[in-house]
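Hi everyone, thanks for making time this morning. I'd like to walk you through a structure that may be new to you, so settle in and take a look with me.

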Amino acid sequence: IQNKAVTSLVNAEIDGVVLVHLLPHGDDRGRFIETYRQEWFPGPPMVQGNRSDSKAGVVRGLHFHRRQADYWYVPNGRIMVALHDLRRSSPTRGKSLAFEIGEGADIGVYIPPGVAHGFQAVTVATLTYLVDQYYDASDEHGLAWDDPDAAIPWPLGDPILSERDKQNPKLADIASGDL
């Protein structure tokens, strides 16, 4: 889909992940950017919006859901996005992908169910994200941020982690029914 809001929609190296290269419009007053349109993506409409503020060095994730898709956008700061395909039926199962978004990289990221996702704040950053399911604790799962089998190249050493994320299991310890 091409329109005045995006320069391109790109299928990423992980099946079902879509990168939206957004088109900012600026003048001497500031700038405007359209960050999301339902027509850009497959599946049900997004039903809930969330915001996460992080200081530099924070790692959030890796998290995954069996039933929920996410759409991420960073209006302030910069993050490194980390993705790992856990889906048994995916042609890209086991593939990891890492890239930066935020200031200087106006990119939205659509993440389908079954793809583990996390990020590290490279600077103080705000992540806004939409989800296509209301919060459901039974669909909240995790993968160790530092699992060598996922091989995520985190940019900053000595990450700041939540207690939950410190306890996430390695791939080898996740029951195959969770994937």
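**A first walk through the model**

Let's start in a loop: Ala 151 sits in the stretch between β13 (141-142) and α1. Please keep in mind throughout that this is a predicted model.

What is unusual about the backbone at Ala 151? Its phi is positive, about 50°, although the residue is not a glycine. As background, most residues other than glycine have a negative phi. Ala 151 is also exposed, with a relative accessible area of 53%; the cut-off for that word is over 50%.

Asp 158 belongs to the loop between β13 and α1 as well. Here too we find a positive phi of about 50° on a residue that is not a glycine. Is Asp 158 buried or exposed? With a relative accessibility of 72%, Asp 158 counts as exposed.

Now let's step back and take in the whole chain. How many helices and strands does the protein chain have? There are 13 strands and one helix. If you follow the sequence from its start, the pattern reads β-β-β-β-β-β-β-β-β-β-β-β-β-α. The radius of gyration is 16 Å, close to the 16 Å that the globule rule gives for 179 residues, so the protein chain is as compact as a globular protein of that length. For the overall dimensions, the C-alpha trace spans about 55 × 35 × 30 Å along its principal axes.

How much of the chain is buried? Buried residues make up 48% of the 179 residues. The accessible surface of the protein chain comes to about 8,800 Å², and carbon and sulfur atoms hold 51% of that surface. Contacts tell us something about the chain too. Taking the contacts with a separation of 6 or more, 78% are between residues 24 or more positions apart.

Next, the pocket. What is the volume of the largest pocket? It comes to about 460 Å³. Several elements give two or more residues to its lining: β5 (48-54), β6 (59-64), β7 (70-76), β11 (115-121), β12 (125-131) and α1 (163-166). In total, 24 residues line this pocket. If you want to find its centre on your screen, look for Arg 60, His 63, Tyr 129, Glu 140 and Arg 164, which are the lining residues nearest to it. Sorted by class, the lining has 10 nonpolar, nine polar and five charged residues.

While we have β6 in view, there is another backbone feature to point out. Which residues does a cis peptide bond join? The pair is Gly 61 and Leu 62, with omega at about 5°, and Leu 62 lies in strand β6. For context, most peptide bonds are trans.

Let me now pick out a few single residues, beginning with Leu 22. Leu 22 is in strand β2 (residues 18-22), and it is buried, with a relative accessible area of 5%. What does Leu 22 touch, once we set aside residues up to four places away in sequence? Its contacts include Ala 5, Val 6, Ile 33, Trp 40, Tyr 71, Tyr 73 and Ile 107. Thr 35 is also one of the residues that Leu 22 touches; the two are 13 residues apart along the chain, and their C-alpha atoms are separated by 6.8 Å.

Asn 11, in strand β1 (residues 6-11), gives us another kind of site. Asn 11 counts as exposed at 63% relative accessibility. Leaving out neighbours within four places in sequence, Asn 11 is in contact with Val 17 and Val 18. Glu 103 is 92 residues from Asn 11 along the chain, and 21 Å separates their C-alpha atoms.

Finally, let's visit the segment after α1, where we meet Asp 173 and Ile 174. Asp 173 counts as exposed, at 60% relative accessibility, whereas Ile 174 counts as buried, at 10%. Where do they sit relative to other parts of the chain? The C-alpha atoms of Asp 173 and Ser 138 are separated by 18 Å, with their positions 35 residues apart along the chain. For Ile 174 and Leu 127, which are 47 residues apart in sequence, the C-alpha separation is 27 Å.

That's the tour, and thank you all for listening!

Terms used: Residues are numbered from 1 along each chain as its sequence is written. This is a predicted model: local features need pLDDT of at least 70, side-chain atom pairs count only at pLDDT 80 or more; totals for chains, interfaces and linings use all residues. Side-chain values use heavy atoms; hydrogens and water are left out. On a 1 Å grid over the protein atoms alone, a cavity is a set of points where a 1.4 Å probe fits but cannot get out, and a pocket is an open set with protein on both sides within 12 Å along at least five of seven lines; lining residues have an atom within 4 Å of a point. Grid points are joined across faces, edges and corners, and a volume is the space filled by probe spheres set on the points. Helices (H or I, at least four residues) and strands (E, at least two) are DSSP runs, numbered from the N terminus. Ala, Val, Leu, Ile, Met, Phe, Trp, Tyr, Cys and Pro count as nonpolar, Asp, Glu, Lys and Arg as charged, and the others, Gly among them, as polar. The radius of gyration is taken over C-alpha atoms; the globule rule is 2.2 Å times the number of residues to the power 0.38. Buried means under 20% relative accessible area, exposed over 50%, partly exposed in between (1.4 Å probe, protein chains only). Contact means heavy atoms within 4.5 Å. Accessible areas come from the Shrake-Rupley method with a 1.4 Å probe; for residues, only the protein chains shown count as cover.
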